[in-house]
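User: Please take a close look at how the helices pack in this model. Then add whatever else deserves attention.

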Amino acid sequence: MRIILGISSSISAYKTPDLVRRFSKRGSDMFCVVTRNARHLVGIKALETVSGNRVIMNLFRQKDPLTHINLSRAADALLIAPASGNIIGKLANGIADDPLTTISLAYTGQRFIAPAMNSEMWRSDAVTRNMQTLRNAGWTVIDPEAGDLACGVHDVGRLASLDTIVDTVLAHGEDLRGKRFIVTSGATREWIDPIRYITNRSSGKMGKAIYEELRHRGATVTYIEGQVTHPVRGAVTVDTTEDLMNAILERIGNADCLIMAAAPLDFRPATRHTQKLKKAGVTSIALTENDDILKRVRERDTKIKVVAFAAETEKLVDNARAKLSAKGANLMIANTIADGFGTDDNVITVIRENGDITEHERMTKTSCAKVIVNEAKALLS
Ligand code: CTP
């Protein structure tokens, strides 16, 4: 696993060569990025010796002018340890004024943060608010522990133990290794004639966030994409509901779990005209019903775990519960159309086969994806 370790100015920065050594021993390749003030607290040569890589302190002195982008793309995880109150404030507000904050802003993978500071700073309104922002944005927080602090008190604020940090990061990187998922995303299209079609408002953002979360956790993922606002390189692309169904049915034999975030059209024009339909005389378009893909999946495969989605305008839980049993799904993720369509965040309700439900607060789709993937993981265990 390639890990970017961001080291900011907390006295516990002196522990980071040992942290790097522990990661390296477990097979990780470590790239350290040290803030200006942290250089007073940790030896750069020590970090370079234990990591075997140059420490990044200035983006303009690197030979490759795109270091922050290349490094961000190549790394499997970004860990900031220790994270000072100052760096937490910058990250929460999107400030990118040095190598570490610039790399962090460009990084789209799994992000971890291990704060360490004086207890009053840790409990301050500003840090509390900024930490909430980071949690909402999908950062995994490795909370500080109680202990003797450099300021002479015994309280919460000490960097989490190095073993806790290493275990948390590596567990996230590997917990779904060997598990095989199919994730579907976006809207299908149904053609009226060669230039006109019907579709729906699905953006595919939720499906993409789930795909990324699964990849970051080591799963093998087949990503099947219809109409989406943000395409994924390497996705299997489909057009109509029938295409989507065939793409899934061809692959379910090799999958442990299907996460059906796509919004397939339930109907198609009864006739797909091969020539452009002339407007004169057209007053209505007859529709015919498409197959329900999940029902077909269940007929073919009784073992695969299925996570379905329900987007409703009314009676959210009742409608979603009815769909869960009608479609033979193992888990239903329900949201209202107003909350989840085309947006970057969502309010989801998780409905399990035994009837249990969990209603979540509004979160980014990245955070929703973590919840959904954790629920899917529980189905597989
Ligand atoms: N779905 C499916 N096949 C379809 C339509 C939907 O497998 N032809 C899946 C969706 O991907 C989603 C779940 O079924 O995971 C619920 O989709 P939704 O559109 O909410 O429900 P529908 O069954 O289409 O019911 P309705 O449109 O009446 O609400």
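Analyst: **Helix packing**

K205, M206, A209, I210, E213 and L214 of α9 meet K365, T366, C368, A369, K370, I372 and V373 of α14. By class, this contact of α9 with α14 has eight nonpolar residues, one polar and four charged. The charged ones are K205, E213, K365 and K370. T366 supplies the polar one. Keep in mind that this is a predicted model.

Now the geometry. Two packed helices are described by an angle between their axes and a distance between those axes. Helix α9 spans residues 205-216, and helix α14 spans residues 365-380. Their axes are 8 Å apart and form an angle of about 60°. That angle makes α9 oblique to α14. The two helices cross in a right-handed sense.

Next, take α10 (residues 241-251) and α11 (residues 293-300). How are these two helices set against each other? The angle is about 25°, and the axes are 10 Å apart. Angles under 35 degrees count as roughly parallel, so α10 and α11 are roughly parallel to each other. The crossing of α10 past α11 is right-handed. From α10, the contact uses T241, L244, M245, I248 and L249. From α11, it uses I293, R296, V297 and R300. Six of the residues in this contact are nonpolar, one is polar and two are charged. R296 and R300 carry the charged class, both from α11. T241 of α10 is the polar residue.

A further pair is α1 (residues 16-25) with α2 (residues 44-51). Here the packing angle is about 5°, with 9 Å between the axes. α1 and α2 are therefore roughly parallel to each other. T16, P17, V20, R21 and S24 of α1 face A46, L47, V50 and S51 of α2 across the contact. Five of these residues are nonpolar, three are polar and one is charged. R21 is the charged one. T16, S24 and S51 are polar.

**The ligand**

Which residues are closest to the ligand? They are A262, D266, F309, K323 and K327, out of 14 that surround the ligand. K327 places a polar side-chain atom 2.6 Å from a ligand oxygen. The backbone also takes part. A polar backbone atom of M260 is 2.9 Å from an oxygen atom of the ligand. For F309, a backbone N or O atom lies 3.0 Å from a ligand oxygen.

**Backbone exceptions**

Most peptide bonds are trans, and most residues other than glycine have a negative phi. Two places depart from this pattern. The peptide bond between A81 and P82 is cis, with omega about -5°. P82 sits in strand β3, residues 77-83. K315 has a positive phi, near 45°, although this residue is not glycine. Where does K315 sit? K315 lies in the loop between β16 (305-312) and α12 (316-327).

Methods:
Residues numbered from 1 in each chain as written. Predicted model: local features only at pLDDT ≥ 70, side-chain atom pairs only at ≥ 80, totals over all residues. Heavy atoms only, no water. Axes fitted to C-alpha atoms, helices over the stretch in contact; angles between N-to-C directions. Helix = DSSP H or I, 4+ residues; strand = E, 2+ residues; numbered from the N terminus. Parallel < 35°, antiparallel > 145°, perpendicular 65-115°, else oblique. Left-handed = near helix turned anticlockwise from the far one by under 90°. Contact = heavy atoms within 4.5 Å. Near = heavy atom within 4 Å. Polar contact = N/O pair within 3.5 Å; in protein donor to acceptor, adjacent residues only side chain to side chain.
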